[in-house]
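Biologist: I've got the file open. Can you walk me through it, starting with the surface?

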Amino acid sequence: MPGRAIFVARDALRVGADTVRFHHAVIAAGAEPVRLRIGGEQHLVTSERFLELDSLPARLVFVGGGYIAAEFSRLAARAGAQVAVPQRGSRMLEAFDPDLASLDLATA
């Protein structure tokens, strides 16, 4: 049901001419990958392209410490890839509880 969604009640959305009722709603608006404008950027792939890879590379670098890098780096490490995650902050997932962000990729 593509279209613009508008809340019309506490438990309902209108999408075009249709009304959708629900008990709980999750808003997952998504995001667009940010171009880094760095040398070698032509060798980078977005998170969407990562999901389309035919095979998992033996070594990967996930740029940035956000939740997508956290999820994909853990997935790749558990699948046997050697993973590095450089980020500008002091740790991954700075907005999240430190216990959640302190997982060791090698033992995950």
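Modeller: This is a predicted model. The accessible surface of the chain comes to about 8900 Å², and carbon and sulfur atoms account for 53% of that.

Biologist: What share of the residues count as buried?

Modeller: Of the 108 residues in the chain, 19% count as buried.

Biologist: And how confident is the predictor, on average and by element?

Modeller: The mean pLDDT of the chain is 83, with 89% of its residues at 70 or more. Among the elements, β4 has the highest mean pLDDT, at 94. The lowest, 71, belongs to helix α3, which covers residues 98-101.

Biologist: How many helices and strands are there?

Modeller: The chain has three helices and five strands. Starting at the N terminus, their order is β-β-β-α-β-α-β-α.

Biologist: Let's pick a residue in a strand. Where is leucine 13, and is it buried or exposed?

Modeller: Leucine 13 is in strand β2, residues 12-15. It counts as buried because its relative accessible area is 19%, and the cut-off for buried is under 20%.

Biologist: Which residues is leucine 13 in contact with, leaving aside neighbours within four places in sequence?

Modeller: On one side in sequence there are Ala5, Ile6, Phe7 and Val8. Leucine 13 is also in contact with Asp18, Thr19, Val20 and Phe22.

Biologist: What about alanine 25, how far is that from leucine 13?

Modeller: The two are 12 residues apart in sequence, and their C-alpha atoms are 9.6 Å apart in space.

Biologist: Now a loop. Where does glutamate 41 sit?

Modeller: Glutamate 41 is in the loop between β3 (18-21) and α1.

Biologist: Why does glutamate 41 count as buried?

Modeller: Glutamate 41 counts as buried because its relative accessibility is 15%, and anything under 20% is classed that way. Beyond its neighbours within four places in sequence, glutamate 41 is in contact with Arg35 and Leu36.

Biologist: Change of topic: pockets. How much space is in the largest pocket?

Modeller: The largest pocket holds about 1400 Å³ of space. It is lined by 38 residues, and those closest to its centre are Pro33, Val34, Ser47, Val63 and Gly64.

Biologist: Which elements supply at least two residues of that lining?

Modeller: Those are α1 (47-51), β4 (59-61) and α2 (67-78).

Biologist: And what classes of residue make up the lining?

Modeller: The lining has 21 nonpolar residues, nine polar and eight charged.

Biologist: One last thing. Of the contacts between residues at least 6 apart in sequence, how many join residues at least 24 apart?

Modeller: That share is 21% for this chain.

Conventions:
Residues are numbered from 1 along each chain as its sequence is written. This is a predicted model: local features need pLDDT of at least 70, side-chain atom pairs count only at pLDDT 80 or more; totals for chains, interfaces and linings use all residues. Side-chain values use heavy atoms; hydrogens and water are left out. On a 1 Å grid over the protein atoms alone, a cavity is a set of points where a 1.4 Å probe fits but cannot get out, and a pocket is an open set with protein on both sides within 12 Å along at least five of seven lines; lining residues have an atom within 4 Å of a point. Grid points are joined across faces, edges and corners, and a volume is the space filled by probe spheres set on the points. Helices (H or I, at least four residues) and strands (E, at least two) are DSSP runs, numbered from the N terminus. Ala, Val, Leu, Ile, Met, Phe, Trp, Tyr, Cys and Pro count as nonpolar, Asp, Glu, Lys and Arg as charged, and the others, Gly among them, as polar. Buried means under 20% relative accessible area, exposed over 50%, partly exposed in between (1.4 Å probe, protein chains only). Contact means heavy atoms within 4.5 Å. Accessible areas come from the Shrake-Rupley method with a 1.4 Å probe; for residues, only the protein chains shown count as cover. pLDDT is the predictor's confidence in each residue, from 0 to 100.
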